[in-house]
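Q: Could you take me on a close look at one part of this model, the salt bridges around a single lysine and what lies beside them? I'd enjoy a connected walk through it.

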Amino acid sequence: FSTSNFSTSKLVKVDIKNSNICKRYSCIIIKNIKVVKSPIWLKQKLESIGQKSINNVVDLANFIMFDLGQPLHVFDLDKIKGSKIDVRLASKNEKIVTLDSETKKLTNEDIVISDSKGPIAIAGVIGGLNSHVDESTKNILIESAIFNPISIRRTAKKYDCSTEASKRFEREINYKNVVYSMQKFVYLLQDISDCEVACDYIDEKIEEQQNREILFDVLKCNSFLGTSLKSKEIKSIFNSLSIDCSNGVN
């Protein structure tokens, strides 16, 4: 996708306040968008799985979530106060009015996305009414992140607010898919709407994910599947799935 000459990192700052609540937080700013009805193909894709179409921006974020498994959240950039994003635990008795127009009284077990004035979303669960995208939105910030699965599940159950996003965060998200999902959103948005994309993005990592090594036994695999695959064939299958395979396969 093409980019413009403004910078996400110069327009907003991100601070993960607690290393236990968020492993990775990425975001990018897009300007001068038009929030309109979604194109037919996008509406049909969502409606085919029982999802109501809202607008081109929200629908596209939902499409990415169902397609790649990575929930995205889109904020109205101009509603974020102080050009600051804090990923933190809520203060006791802190409140937020969520997208379902309900006031949630938070506890210090809830992860929130906050600007300089207070919470603008319950992380991984539901957005705030004070930062949501509507027909007047011109500039947006797209969030792609990984939140603590136990915290997300606890919060979703506590407020009886189990969402498609929270269900995925509860089961853990692919660490390596965070930025790719965000970039695919940007690519598709440019394809369906005029907009200007920042020349950079923010990618805050609390820790790098370590690769897991698994000892793979070809004989046991063939015995279980009833196949007669050779090591060379198995390596080719693994490579096609973007799984690194060493000479340990035998």
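A: Happy to. A residue counts as buried under 20% relative accessible area, as exposed over 50%, and as partly exposed in between. By that scale K79, at 22% relative accessibility, is partly exposed. Please keep in mind that this is a predicted model.

K79 has a salt bridge to D76, with 3.9 Å from N to O. A salt bridge here asks for a side-chain nitrogen of Lys or Arg within 4 Å of a carboxyl oxygen of Asp or Glu, so a distance is what decides each pair. D76 has 4% relative accessibility and therefore counts as buried.

K79 also pairs with D134, and here the closest N and O atoms are 3.1 Å apart. D134 sits in the loop between β9 and β10, while K79 belongs to the loop between β3 (72-76) and β4 (84-89), so this salt bridge ties together parts that are 55 residues apart in sequence. D134 is partly exposed, because its relative accessibility is 22%.

The loop between β9 (126-127) and β10 (140-147) also holds L129. L129 is partly exposed at 33% relative accessibility, and together with V97 and L99 it makes a nonpolar surface patch of about 210 Å².

For the wider setting, the structure holds 14 salt bridges. Another one of them joins the side chains of E94 and R88, at 2.8 Å from N to O. Both partners are buried: E94 has a relative accessible area of 17%, and R88 is at 14% relative accessibility. Elsewhere, R24, D203 and K205 are joined into one network by salt bridges that share partners.

Key: Residues numbered from 1 in each chain as written. Predicted model: local features only at pLDDT ≥ 70, side-chain atom pairs only at ≥ 80, totals over all residues. Heavy atoms only, no water. Patch = residues over 30% accessible without salt bridge, like charges linked within 9 Å, V, L, I, M, F, W, Y side chains within 5 Å. Areas by Shrake-Rupley, 256 points an atom, 1.4 Å probe, with all protein chains shown as cover. Helix = DSSP H or I, 4+ residues; strand = E, 2+ residues; numbered from the N terminus. Buried < 20%, exposed > 50% of the residue type's maximum accessible area, 1.4 Å probe, protein only.
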